[in-house]
Amino acid sequence: MKDSNFLKENNARMMWHPMTSPQDSIDNPPKIITGSSGVRVTDIDGHTVVDAVGGLWNVNLGYSCQPVKDAIADQLARLPYYSTFRGTSNDAAIELSYELNDFFAPDGMQRAFFTSGGSDSVESALRLARQYHKLRGEAGRTKFLSLKKGYHGTHIGAASVNGNANFRNAYEPLLSGCFHIPAPYTYRNPFNETDPEKLAHLCAAALEDEIAFQGANTIAAMIMEPILGAGGVIPPHKSFAPMVQEICNRNGILLITDEVITAYGRTGAWSGARLWGIQPDMMCTAKAITNGFFPFGAVMIGERLVDVFEGNSEAKIAHGYTYSGHPVGAAAALACLAETKRLNVVDNAAARGTQLFEGCTALQEKFDIIGDVRGGHGLMTAIEMVSDRATKKPIDGASAATVQEVAYQSGAMIRVSGPNIILSPSLVLTEQDAAAILSALDAGFAAL
Ligand code: PMP
């Protein structure tokens, strides 16, 4: 490793950081992380904190998960690469497809299509949805529906279904034919509805309305996160996802759950689909599939697509990545899946999630700056900060940055996204680790 002066000097000089202004990263240099252990990371100055971000919602099993590291090293030694394009395959990808189909069988999933990450998984699902309808002779079904405030990644297709202008405006024009439904976001919504169940019905009615307006026979799929993540952790009322499923089914529209965050236990259920008791047509997964140790993803495919794509020699999948089914990623994912099940991380995610959610709710009593606390389903919690509780005016960037920095100095890496603090730590978090996060947050808010 180069010395710390070199690293600090070149931190943002030679690299553009994602989701950041290049000038901002020069003016406010990003923290340089050089070490890790368990659920903690250490920066270049030797300061160690609990990582309340869990990497980027992906290091579910912590940074020290040895079986995953060993699986990667073994696979690298034996077969570091081979493609799964037409005519070849590799043993790790085959074994993983078998294990994933077993893992997601309760969600109605029957096949896996491998990708290199979340945006790739979303892009793949959108493409397969259009192709599914073409193969069935409904070529006019090309449009996509999604939720406002949803986040689905960065490719043009994924960005087009994103529901946040921040991720869209600079890159417009995006894909045409993508329409957005109000999210079941109780704290702020166009209906001024504060009751989660009533709001779920209003949003479902808005979906029906949009389908009627567009014409059901023009719509390929609805894509939605079971709990909106990057948009600020927005869990809908439990009636919402089943209503969406029923509306989609009734109108011949495929339902894709974007489970890039929610799959593999984060919500305190093994998948978002299982949390809400629905069976989507496709599920997009990535992130925790390899514990963040290798870029990898999987789109899980349900019966409707299997029926149309298989037994039809015309149905060629003209889509795939050089790294689809990468053996090192597949080996990492196999080890992750085994550890995820062995450690039964869902139960811990549920227990520690409740502790964090209740702790944040207690902080809300103490600090006016906290307008809303959302979570209650595993280790996905958000604190929405406001400068005025009565008007719900969002907090200014400088104050949010102060909370973040003081929390960091007090022992926890937290992520601030707009007015939200997003907490998404590893699922192997202990009670003491969760307490350390809460105490660092307390210090951060007190600093204002
Ligand atoms: N979908 C969701 C729900 C996500 O949270 C993300 C990433 N945060 C993506 C898609 C995109 O994944 P990636 O960054 O791996 O491309």
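Tutor: Before we look, one cut-off: helix angles under 35 degrees count as roughly parallel, over 145 as roughly antiparallel, 65 to 115 as roughly perpendicular, and the rest as oblique. Also, keep in mind that this is a predicted model.

Student: How far can I trust the details, then? What pLDDT does the chain average?

Tutor: Where pLDDT is low, the predicted coordinates shouldn't be read in detail. Here the chain averages 97, and 100% of the residues score at least 70. For the complex, the predictor gives an ipTM of 0.99 and a pTM of 0.98.

Student: OK, helices. At what angle do helix 14 and helix 15 pack?

Tutor: Two packed helices are described by the angle between their axes and the distance between the axes. Helix 14 (residues 397-409) and helix 15 (residues 431-446) pack at about 135 degrees, with axes 7 Å apart. So these two helices are oblique to each other. Their crossing is right-handed.

Student: Which residues make the contact?

Tutor: Helix 14 brings Val-403, Gln-404, Val-406 and Ala-407, while helix 15 brings Ala-440, Leu-441, Ala-443, Gly-444 and Phe-445. Sorted by class, that's seven nonpolar, two polar and no charged residues.

Student: And zooming out, which domains does the chain have?

Tutor: The domain assignment gives domain 1 (31-61 + 344-446) and domain 2 (68-342). Their centres, taken over C-alpha atoms, are separated by 26 Å. Where they touch, 28 residues of domain 1 contact 26 of domain 2.

Student: What supplies the largest share of domain 1's side?

Tutor: Helix 13, with five residues. By class, domain 1's side has 12 nonpolar, 12 polar and four charged residues.

How values were computed. Residues are numbered from 1 along each chain as its sequence is written. This is a predicted model: local features need pLDDT of at least 70, side-chain atom pairs count only at pLDDT 80 or more; totals for chains, interfaces and linings use all residues. Axes are lines fitted to C-alpha atoms, for helices over the stretch in contact, and angles run from 0 to 180 degrees between N-to-C directions. Helices (H or I, at least four residues) and strands (E, at least two) are DSSP runs, numbered from the N terminus. A crossing is left-handed if the near helix is turned anticlockwise from the far one by less than a right angle, and right-handed if clockwise. Two residues are in contact if their C-beta atoms, placed from the backbone, lie within 7 Å. Ala, Val, Leu, Ile, Met, Phe, Trp, Tyr, Cys and Pro count as nonpolar, Asp, Glu, Lys and Arg as charged, and the others, Gly among them, as polar. pLDDT is the predictor's confidence in each residue, from 0 to 100. Domain bounds come from an automatic or database domain assignment.
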